[in-house]
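Please find below some notes on the model, set out as numbered points. They follow the order in which I went through the structure.

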Amino acid sequence: MIKLKDRYIYPSIFDYADDGISVEFPDLPGCLTCGNTEEEALRMAKEALALQLYGMEQEGETIPDPTQVKLLRVEDNQAVVLVEVWMPPFRHEMENKAVKKTLTIPKWLDDLAQENNVNFSHILQEALKKYLGVKDKSS
């Protein structure tokens, strides 16, 4: 099993235009974002980088080494910006986010459950944990 890194730092290229700042990562084709201000562009760049790396980790893809900043060449309206992401809290958030599921039950059971103010999400989660023999994600 591949050991996941907790911290990644990749160079990005901020491209300044009249309508905002576009951001790309030379080492991660397709990892693109933008922002209206430098602060927003950096925040969006961190999110895009974390999502891209998380997806690559989940798919078992090889994560490339970052290019050295001194090797990157940019235009006059561009700047190289190092973007750092700390993955443990991001992974935790992704693995524990709520996922919507659609299910089908008989109408009579739905009527009875609604009359009794049943919380379907809670009941389903508890039933799945019991069925799978787990208490939480780690067990």
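1. K97 is partly exposed, because its relative accessible area is 47%; buried means under 20%, exposed over 50%, and partly exposed in between, with a 1.4 Å probe and protein chains only. K97 lies in the loop between α2 and α3. Helices (H or I, at least four residues) and strands (E, at least two) are DSSP runs, numbered from the N terminus. K97 is separated from K5 by 92 residues in sequence and by 21 Å in space, C-alpha to C-alpha.

2. On the basis of these notes: this is a predicted model, in which local features need pLDDT of at least 70 and side-chain atom pairs count only at pLDDT 80 or more, while totals for chains, interfaces and linings use all residues. Residues are numbered from 1 along each chain as its sequence is written, and side-chain values use heavy atoms, with hydrogens and water left out.

3. There are 5 salt bridges in the structure, a salt bridge being a side-chain nitrogen of Lys or Arg within 4 Å of a carboxyl oxygen of Asp or Glu. One of them pairs R91 with D6, with 3.7 Å between the closest N and O atoms. R91 belongs to helix α2 and D6 to the segment before β1 (7–17), so this pair ties together parts that lie 85 residues apart in sequence. R91 is buried, with a relative accessible area of 10%, whereas D6 is partly exposed at 36%.

4. Another salt bridge joins the side chains of K107 and D111, at 2.8 Å from N to O. Both residues are in helix α3, and because they are 4 residues apart, about one helical turn separates them. K107 counts as exposed, at 61% relative accessibility; D111, at 31%, counts as partly exposed.

5. Helix α4 has a salt bridge of its own to report: K129 pairs with E126, and the closest N and O atoms are 3.8 Å apart. The spacing here is 3 residues within α4, which means about one helical turn between K129 and E126. Both are partly exposed, K129 with a relative accessible area of 27% and E126 with 38%. Elsewhere, D6, E57 and R91 are joined into one network by salt bridges that share partners.

6. Which residues form the nonpolar patch on the surface? They are L103, I105, W108, L109, L112, V118, F120, I123, L124, L128, Y131 and L132, with about 1200 Å² of accessible area together. Patches are made of residues with over 30% relative accessible area and no salt bridge; like charges are joined within 9 Å, and nonpolar side chains (Val, Leu, Ile, Met, Phe, Trp, Tyr) within 5 Å. Accessible areas come from the Shrake-Rupley method with a 1.4 Å probe, and for residues only the protein chains shown count as cover. Two or more residues of the patch come from each of α3 (107–115) and α4 (120–132). The most, 6 residues, are given by α4. Y131, a patch member, lies in helix α4 and counts as exposed because its relative accessibility is 72%.

7. The backbone at N117 deserves a look: its phi is positive, about 50°, although N117 is not a glycine. N117 sits in the loop between α3 and α4. With a relative accessible area of 70%, N117 is exposed.

8. The largest pocket holds about 920 Å³ of space. On a 1 Å grid over the protein atoms alone, a pocket is an open set of points where a 1.4 Å probe fits, with protein on both sides within 12 Å along at least five of seven lines, and lining residues have an atom within 4 Å of a point. Grid points are joined across faces, edges and corners, and a volume is the space filled by probe spheres set on the points.

9. What lines the largest pocket? The lining has 22 residues, and V99, S121, L124, Q125 and L128 lie nearest the centre. At least two lining residues come from each of α2 (87–96) and α4, and α4 supplies the largest share, 7 residues. By class, 9 lining residues are nonpolar, 5 polar and 8 charged; Ala, Val, Leu, Ile, Met, Phe, Trp, Tyr, Cys and Pro count as nonpolar, Asp, Glu, Lys and Arg as charged, and the others, Gly among them, as polar.
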